[in-house]
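Work through the exercises below with the model open beside the text, trying each task before reading its solution.

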Amino acid sequence: MSKSRIAEAIRAAKAYLAARPEEARYRDAVATAVLEEGLRVRVTGADGSSLVTDMVEGVGGTASAPSPGWLFRAAYASSAATLIVMRAAEQNVELSGLEVKVDSESDDRGILGIADEVPAGPVSIKITVQAESPQNEGTVREVITWALKHCPVDDAVRRPVPVELDVRITGA
């Protein structure tokens with residue numbers, strides 16, 4: 001899709017939701033994870049899309065697929081890149097190249113329950129954005145900063161989000 005088509009789609013979506021704010025909030029599509037074997041898990045969506053995860057051999061996996069942690073970083077990087085492109089299109093900023101890297105540092109004592117004071121998730125995350133543009137650095141930096149501020153994955157990482165746990169046990 002061209003930059004102008006992206007910008008027009010965003011303008012249309014903004015106008016539509018400004019006129020109908022009650023339609024802006026909705027339940028997201030469910031991701032359903034089902035154990036295949038060992039630590040290999042298949043995740044499917046309502047639209048039929050699917051992916052598989054596995055863990056490294058050191059914790060009992062077979063390393064046959066990316067780990068959930070890597071997919072988290074992949075989701076973060078792709079979401080940030082998408083929002084940067086969307087904002088650049090909306091602001092008519094030319095991007096001739098874009099690369100977003102998400103790196104994290106983890107401490108396996110958390111995921112393995114060895115030390116309760118160690119978090120199970122990443123202890124730090126770094127986002128590196130490499131953008132190529134004929135426009136001035138300040139303009140491109142503003143696009144990137146705005147995009148990350150409005151990136152749903154970035155927001156979910158930075159803001160405490162209420163989580164409800166619903167456990168259902170059958171066959172006991």
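A residue is called buried under 20% relative accessible area, exposed over 50% and partly exposed in between, computed with a 1.4 Å probe on protein chains only. The model is predicted, so that local features need pLDDT of at least 70 and side-chain atom pairs count only at pLDDT 80 or more, while totals for chains, interfaces and linings use all residues. Residues are numbered from 1 along each chain as its sequence is written, and side-chain values use heavy atoms, with hydrogens and water left out.

**Exercise 1.** Find where serine 79 lies, decide whether serine 79 is buried or exposed, and list what serine 79 touches.

Solution. Begin with the secondary structure, in which helices (H or I, at least four residues) and strands (E, at least two) are DSSP runs numbered from the N terminus. Serine 79 belongs to helix H2, which covers residues 68-90. Its relative accessibility is 12%, and therefore serine 79 counts as buried. Leaving aside residues up to four places away in sequence, serine 79 touches Cys151, Pro152 and Val153, where contact means heavy atoms within 4.5 Å.

**Exercise 2.** Describe the aromatic pair of this structure and the surroundings of its two rings.

Solution. Rings of Phe, Tyr and Trp (its six-membered ring) pair if their centres lie within 6.5 Å, and planes under 30 degrees apart count as stacked, over 60 as edge-to-face and the rest as tilted. The structure holds one such pair. The ring centres of phenylalanine 72 and tyrosine 76 are 6.0 Å apart and the planes stand at 55 degrees, so the pair is tilted. Both residues lie in helix H2, four residues apart, which is about one turn of the helix. As for accessibility, phenylalanine 72 is partly exposed at 30%, whereas tyrosine 76 is buried with a relative accessible area of 1%.

**Exercise 3.** Work out the strand order of the open three-stranded sheet and state which strands stand at its edges.

Solution. Strands of a sheet pair through backbone hydrogen bonds, either parallel or antiparallel. Here two strands are taken to pair if DSSP finds at least two bridges between them. The order is S1-S2-S3, with antiparallel pairing. Strand S1 (31-37) and strand S3 (50-53) are at the edges with a single partner strand each, so one side of each has no neighbour in the sheet.

Next, follow the bridges from strand to strand. Six bridges join S1 to strand S2 (residues 40-45); in S2, alanine 33 has valine 43 as its bridge partner, and valine 34 stands opposite arginine 42. Four bridges join S2 to S3, where valine 43 has leucine 51 as its bridge partner.

Finally, look at the turns. The hairpin of S1 and S2 has two residues between the strands, and glycine 38 in that turn has a positive phi of about 60 degrees. The hairpin of S2 and S3 has four residues between the strands, and glycine 48 in the turn has a positive phi of about 95 degrees.

**Exercise 4.** Place aspartate 103 in its strand and name its contacts.

Solution. Aspartate 103 is part of strand S4 (residues 97-105), and at 48% relative accessibility aspartate 103 counts as partly exposed. With residues up to four places away in sequence not counted, aspartate 103 touches Arg73, Ser124, Ile125 and Lys126. The C-alpha atoms of aspartate 103 and isoleucine 125 are separated by 5.7 Å, although these residues are 22 residues apart along the chain.
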